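Please look over the sequence and the model below, beginning with the space enclosed inside the protein and then moving outward to the whole chain and back to a single helix.

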Amino acid sequence: MHSPLRLYGRSGALAALDTLLTRLCHGDGGALVLTAPPGSGRTALLVHAVAAHRDRGAGPALHVVGAPDERWVPYSGLHALLCAAGPVPGGPERVLRDGLPPAAFLAVLRRLGGGRPLLVCVDDAHLWDPDSRAALAFAARRLGPGSRVAVLIAAGDEAGFAGLPALRLGPLDDDAASALLDRLTGADRAGPVVRGALLREAAGNPGLLTALTAHLTPAQLAGRAPLPHPLPGGDDILAAHADRVGHLPAATRTLLLITAAAHAHEPEGAGADLALVRRAAASAAVPPAASDLALHTPGGTAGALRRAGDRVHFGEPLMRQALLHRASPDRRRAVHDLLAGLLAPGYAALIQRACASPGPDAPLAAGLEAAAAPPRPHADRATALGHAAALTPDEADGTGLRAARHAAAAEQYRLAGEPGRARAALARAGAAPGPAHHVRGLLTLADGPAPDAHEALLTAAALLAPHDPARARDALLGAAEAAWAAGDALGYLDALTRVPADAADGELGHYRDGVCAVLRGRIGAGHVLLRRCLDSGARDPGALLRAGAAGLVLGDLEAACRAGTRALAAVCASGADALLPQALEHLAYAELRAGRHARARAHALDGLRAARRTGRPNAAAHLHAVLALAASVESGTRECAAHAGAALAGAAPHGLVQAETLATWALARADLAAGRPAEAAARLDPLVRPGPRRGHFATRMLAVPCYVEASVLAGRAVRGGGAEPVAEAVAEFAVWATRTTDPQVPAQLARCRALLAPVSEAAGRYGEALAHHDRAGGDFEQARTRLLFGSWLRRRRRTREAREPLRDALVGFERCGAAAWAARASGELRAAGEAVEAPGPSGTAAPLAALTPQQARIARCVAEGATNREVARRLSVSTRTVDHHLRNVFAALGVRSRTELAGLLGNGR
């Protein structure tokens, strides 16, 4: 076990402390109050501040901690502080006897530093006696510029310190809590189920997370031994939370316990029903005046409760848990039983009865299982099934009933987007055959290696087939999805062909047979079946997602977008949060293929947020790949590289070949936009050619037009050479073009042929491509063809003819928001002799205004780090021409080196 050596998730607080200490070192005093519930890291921040101040060597530091047993001893707080300071005039004992007026305490503080900057840290200041708190607050308000004293106060709340600068420490966010857990356990030691349980139980409280982790054995941390329930180690932190309301009247504490129990049947974060709490409080003999004070006045519960309309919430996440933890089991059960009696028969009453049950109860367990049915949300169904499993008698467990209920709860948690709780339920299910394997495989599909998920789901299908054919079919569809993500065409076909025919589900039969026919080369028959899938009028989310996939296989991008939109609406209506990232990913990808880049980016960003919220890193990798492709059109190299890097980092360890292919294609397309064709060709070469790094079987053909363009511009293709790899890729692309109805593909094929054609044929090929574009529409692809055609004309010194396609390309790129591509088009247009405003970041246009268009293009290339030879290849000029222009650029701009040029144009590294 390691002790944390740094503070996690407290960057804002650390910055505030650094500001306070920096001002103090310059002689200016001040004050800061850190407020937070117990375990939030107040003490750690004060220790950090003291160490930082001493490291600077600026002056002394005093650090005292409030003592609970002395909170009613007058001036005991000031006495403790003066004792820590060492000998003072009059001695600390006089303070306890005679007191110390606030003004006199301020004078003492100013003397204690001895003319050097003094830092005073008071921890748990809420435990100081009232007189000491008042004096401390009085002095802190008067420590300004030149005072050489700074006071740092840590307390549970701001009571007594109003008017001072304050910073409230909230719970750690998920990333910070995960990082702390990694530090406490070692990144590889906590199993996923244990990790989820610890993070949920700690609720972002670093002290509680540390305590819970310290009480688990290595076997429990690794998941090799069962976790104790409840988790041990949190007693002190929870007791400290409960102590914050321990001074309240007994009636108020009863109302707080009722409110805590009333959350049990509510969705997480929804709070408790105000009317129910009132009725229960009245039944528990809580006086109406006490209820009104507690429910309508924050001070009535010492800030523990806050009201929002007809709901009541706890201000701190752990307060509810702390109150239930402090109450005796009999008292807890009595309150739950009281609430159950006040609720109408149904789900809520059953949950309260389950919480009140002292042990197994077969009828109640059966009632809970029956209540876990649509239209209740998946999270509610999971809660009911979890209680049903816990209440299942031991004698019924011989039939596997308890394990089956735990497995069913796991499936509902998965659909609710809570994979951690799903895995915890699976751990309790043990070796339940079939259903547990199915859920485990689907969880692996979401956050593990795709090949592992494929095998797990095939196994689940075999176990389920004899007694649950519908679920076995779903497992096979999941196995097919895993194989698709992994780029395993044979595995995909194998899983899909195992799906049994079902006359009642014609849509699924059409999809299965249609996709299998296309992959086996029977294109016509496959397209007929997939068209029926599109026209089926399905409303189920799974069926609509398959309809969208059918549209993509057909190349009917409009139909794919329509199906994706309907699938997203169906998923939202179903409440299956786990399906939301997938639905948004499918829709964003279809919109990207249809050329709707801005819309695709918006949906992909929504999907990325949903994937993070529901614990689906594999979906996040695919969505990052979609965002990288959108950025390769709209945003340029930096944003594209960020998203592509995230996609590749997630895809590589989990075998997500489709995400890898799309991310690599995006990087290559960004290289092309930036005028780096050699880099683009090098990225794409392994994807489109045979070999172990060949791209995804269903998406690699989409990258062929970029590969051909990059290879030709980089000088890697021999025009007309049928044996060349580029020509072979074009030949394969031509075959694929006969298998899709994607309207852009004929134009892209003609463009590829134009790039490889002899000079005498190229113009005709470009004309053919542009004619296809006129029929297909799509600004971006049409603008790319016009850019290539105009560049080809310019390089053959047909500059007057080149200007029209280059102008059209520039307008097309600007219309679809392709800024990097517009910059490339404007550069070509300037090189063709047309005056065009040089695009670029603020501040770069002015230096380039003194250059000719050709000099400006060379200057930009050199500033990006290109050698003279690379610049010559990009611009289709000789190296001597580049040398000549670069000397003139240096003279015109007054720079002496490439580094200075890069700095002037904003590309300095």
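A cavity is here a set of grid points where a 1.4 Å probe fits but cannot get out, and its volume is the space filled by probe spheres set on those points. In this predicted model, the count by that rule comes to 2 cavities of 30 Å³ or more, and the largest cavity holds about 90 Å³ of space. Its lining is made up of 13 residues, and those that lie nearest the centre of this cavity are Pro37, Ser40, Pro171, Asn205 and Pro317.

The protein around these cavities has 909 residues, of which 52% are buried, and its secondary structure comprises 48 helices and 8 strands. Its C-alpha trace spans about 105 × 80 × 45 Å along the principal axes, and, among contacts with a separation of 6 or more, 62% join residues 24 or more positions apart. Carbon and sulfur atoms contribute 54% of the accessible surface, which comes to about 38,100 Å². As for charge, there are 102 positive and 85 negative side chains, with the centres of the two sets 5 Å apart.

One helix may be followed more closely. Helix H17, residues 347-356, is mostly covered, with 7 of its 10 residues buried; these are Tyr347, Ala349, Leu350, Ile351, Gln352, Ala354 and Ala356. What covers the buried residues of H17? The cover includes helix H12 (250-262) and helix H16 (329-342), together with helix H18 (362-371) and helix H19 (378-391).

Conventions: Residues are numbered from 1 along each chain as its sequence is written. This is a predicted model: local features need pLDDT of at least 70, side-chain atom pairs count only at pLDDT 80 or more; totals for chains, interfaces and linings use all residues. Side-chain values use heavy atoms; hydrogens and water are left out. Helices (H or I, at least four residues) and strands (E, at least two) are DSSP runs, numbered from the N terminus. Buried means under 20% relative accessible area, exposed over 50%, partly exposed in between (1.4 Å probe, protein chains only). Contact means heavy atoms within 4.5 Å. Accessible areas come from the Shrake-Rupley method with a 1.4 Å probe; for residues, only the protein chains shown count as cover. Lys and Arg count as positive and Asp and Glu as negative; His and the chain ends are not counted. The place of a charge is taken as NZ of Lys, CZ of Arg, CG of Asp or CD of Glu. On a 1 Å grid over the protein atoms alone, a cavity is a set of points where a 1.4 Å probe fits but cannot get out, and a pocket is an open set with protein on both sides within 12 Å along at least five of seven lines; lining residues have an atom within 4 Å of a point.
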